[in-house]
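Biologist: Could you take a close look at one part of this model with me? I would like a walk through the contacts, told in plain words.

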Amino acid sequence: MSRGLPLDAFTIASEVRSHERSARSVVEEVIESIERGDSEIRSFVSLMAESALKRAEVVDEIVANGCDPGRLAGVPVALKDNLCTKGAATTCSSRILEGWIPPYDATVVEKLRDAGAIVVGKTNMDEFAMGSSTETSFYGPTRNPHDTTKVPGGSSGGSAAAVAAGFVPLALGSDTGGSIRQPAALCGVVGMKPTYGRVSRYGLIAFASSLDQIGPFARSVAEAAALYEVISGHDERDSTSLLKSEQETTEEALTRGVAGLRVGVVTELLDAMAPQVVSRVREAADALGLSGADVEEVSIPELRYALSAYYLIAPAEASSNLARYDGVRYGLRVDADDVASMNAASRTAGFGPEVKRRIMLGTYALSAGYYDAYYGQAQKVRTLLIAAFDKVYERFDVLVGATSPETAFELGAKSSDPIAMYLSDVCTIPSNLAGHPAISVPFGSGEGGLPVGVQVLAPALHENEMFTVGAVIERAASDARNVGEAAT
Amino acid sequence: MSVDRNSFETVIGLEVHCELLTATKLFCGCPNVFGEEPNTNICPVCLGLPGSLPVLNSQAVELAMRIGLALNCEIRPSSFHRKNYFYPDQAKDYQISQYDEPINSNGFLELPDGSRVGVTRAHLEEDTGKTTHVGGGGRVHSAERSLVDYNRSGVPLVEIVSEPDIRSGAQARAYVSELRSILVATRASDGKMEEGSMRVDANVSVRPLGATEFGTRCEVKNLNSLRSLTRAIDYEAARQIELINNGEEVQQETRHWDEDSGSTSSMRSKEEAYDYRYFPEPDLVRLAPDDAWIASVRESLGPLPARRRAKLVSLLGGSPSGPEMDQVLATVELDLDFLVIEAAKAGAPAALALARASNEVASNLDALRSLDPAAFSTTVQMESRGDLSSTQAKAVIAELMSTGRTDPVAVARDKGFEAMSGELIAQEVAKAVSEAPQEWKRYLSGEEKLSQFFIGKVMKATRGKANGKDVVAELRRLSASEGE
């Protein structure tokens, strides 16, 4: 399945740092493999070959001077196309941002550079991150590397597919309602959403500001944890960014083991899921039990209201966040007789149907006379949900469940049924509403041999417990695969 | 308009926007300055570029608290909301403002005449850019082109909303001018209406005298000076009274004041009013200044204009004349009261110091820095003792201010301002009298005011060296001796 560089991030970094391999040769190889292999998958919307090669030369020079370019030295990274890159088009896969070149880098892009990583290109996504299949992109859909008739999930489908296809070892996505974890599950890679405020949102083009969080994609929990560590930390340019808290490194967390950890298997994150998905989650839970964790099933009834609350809060914030695309200052402008008509014509031509649907939903939810019944009520549900989580976390350290109700579905299968599409995020949305961290770790396969992801949820700021459990699940999956392969 | 205005009462509430004197804008690091080339003072944040985020300026919070404390408000934990509406000068197509939780609430402002106007709230918000409509009538809908300058986008504002406690255009004027004094005194804003750093909207309604319910109000915009504020309110009240007298109803609407025609016209009706879809700004966290911060702001406030005026009034002996009261207002407004206080402390007569401060010093504020308060006080004392005539004293003050010298006695000597002896004065007065026998006859017959004429003559002859009081005394002596 791998169409690109099969090396992991740690190998690349250590070889670049020890002169065994030049960053330039890594980048050349990556660019070449993407140009050769991405025409079918279409995980990238743009490549940044020139700036990547330039940056690689800088990294090589730093090594040649006997200095350390950072822990991700020479590691190629793909960015979801809603992360601002100075001098390189950033489109949100929308026509409305046609021709716009950001004059600044997102904070995460600066942090990647400081760690020696090299941004090689921008990946496809659902338009403005609104979707669960990467089909609402103005640039056309991305396909799942495991089966190109299937979707990669979304909205960060391009980043998930780029990592799954082996084009890059690491990628960044954004997760507003599951947009990292769900495509990670469908593409068979690790995807993680940090605690809200852990990673600066400065330079992330907003969808729903109170829910958006940037996070890593990788082929292993350890690589995802390393990338998370690089991009996290306080940023004074983001008022919702958390102050750095003292904590052990993720490296320690990865090897600690789950003995004595209290793990809750959440009924609502198994109910009504595809049978093989349920089986994989139960197997993963069993593996945790065998490794010494106390595993118990737990019901959190409030989770049933999360999806409804989310589809009021997220569109409400989006309706305001997307107002600035009015044809006045940047991006697409469709001329008309007066300013208001120009605004309307530009927005009509620039936004796709799903974005328009959510702008209308959100505008309605915030309108005079409806605010209390919709947006206000949804905020109350959000508060109740957080309280319910708090109560459950008195008894458990982490929770597990499915990431996605099913494995990757056919392209177009849900395009005409928004509600069916929205239900793809039913397992991931609660963590966004609560602002909690969660990770999806591949665990075996389901229908059609397609990957299944197991989700690990943790309370705010407890990324390390989540990584600990994720690493054990990952090891169990690999053991099961080895046993399976030995048996055949 | 011929209407019976006396049977109606006008009810006015004012919304005053003032730009804060911060070093940088409200949510970004761009300098907060006026008059730059269009679109040069901007960054991704105040331009609302995709991915940019606001970060609250703590100096703006501090200035907002100063205003709140000066207006006797409570400072409470507050939050920011988004006010959503499409307009080209609005970089994000929403304005970040405070909505149901303003930082300052429940205050009041006491006017110089002793009346009190309630202050509902004084909240923080960001300013918009500035649109210039080219062609058409200068309004957006008829324009050929619209040019937008985002330099002002994100400049910090405090909006001060009064209770509907104001009852006349004159009282509205007094409220705004007192508010301006407070803004200037607290160094929160420069209060310049003509530069737009202070902008006033008036909510005006009328009701029959004695009624307890409010009438339907109209909001009047585009009031660019104290004069237009008073005129617009008087016009609008008269318009509403006439409507009622004609059996028609006042429609709730926003009206535009036109300074040239001296009238208001409808901008948009209640039905056309925007639905701003306010909701909590998710990019900012709650703003809850702690007690220590509030206390330190309170300490930094210094005495407010009302107290400073009271101090001057007490120095004047407690019952100033009308012209003296005007001098008190001007002196405090211009921050010159310290000169009067210092002079009075040194033993100079307060009234004379006040007159010199509010006239001679006030007319040359640019040179205030070079004026040594002790030198000012000495000059006033020299004048009050008769060592200097008033003309000479004014010249000495001008010299002190233009050169920065601190020795008024030497300045007077250098200018040749020796006090004239009684003998010389008598000589000069006798000369003036002999040159103007007609006027002298009239003076003798009781036309006291002709003394000014003789003072003028003597001053001219002595090039200002004579003291007016001495001249008058000599005139009196002469007239008495002629009567014998």
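How many residues of domain 2 of chain B are in contact with domain 3 of chain B, and how many residues of domain 3 do they touch?

Modeller: Happy to! Please keep in mind that this is a predicted model. To place the two parts, the domain assignment of chain B lists domain 1 (8–299), domain 2 (305–403) and domain 3 (422–483). Your answer is six and six: six residues of domain 2 of chain B are in contact with six residues of domain 3 of chain B. Taken over C-alpha atoms, the centres of these two domains are 29 Å apart.

Now for the area. Domain 2 and domain 3 of chain B bury about 370 Å² between them, and 37% of that lies on carbon and sulfur atoms. On the domain 2 side, B:Ser389, B:Thr391 and B:Gln392 supply 70% of the area that domain 2 buries against domain 3, more than any other three residues. As for specific pairings, the rule finds zero salt bridges across the interface of domain 2 and domain 3 of chain B. It also finds zero residue pairs in polar contact there, with both residues required to be at pLDDT 80 or more. Even so, the residues of domain 2 of chain B that touch domain 3 divide into one nonpolar, five polar and no charged.

It helps to set this beside the interface between the chains. There, 33 residues of chain B are in contact with 38 residues of chain A. Chain B and chain A bury about 2,700 Å² between them, 58% of it on carbon and sulfur atoms. Within the share that chain B buries against chain A, B:Pro50, B:Leu53 and B:Arg277 supply 22%, more than any other three residues.

The pairings between the chains come next. Across the interface of chain B and chain A the rule finds two salt bridges. A salt bridge joins the side chains of A:Arg329 and B:Asp93, at 3.5 Å from N to O. The rule also finds 17 residue pairs in polar contact between chain B and chain A, both residues being at pLDDT 80 or more. On the side of chain B that touches chain A, strand S3 (81–84) and strand S14 (279–280) of chain B each supply at least two residues. The residues of that side of chain B divide into 21 nonpolar, six polar and six charged.

Terms used: Residues numbered from 1 in each chain as written. Chains lettered and ligands numbered in written order. Heavy atoms only, no water. Contact = heavy atoms within 4.5 Å. Buried area = accessible area lost by both parts, 1.4 Å probe. Salt bridge = Lys/Arg side-chain N within 4 Å of Asp/Glu carboxyl O. Polar contact = N/O pair within 3.5 Å; in protein donor to acceptor, adjacent residues only side chain to side chain. Helix = DSSP H or I, 4+ residues; strand = E, 2+ residues; numbered from the N terminus. Nonpolar A, V, L, I, M, F, W, Y, C, P; charged D, E, K, R; others polar. Domains from an automatic or database assignment.
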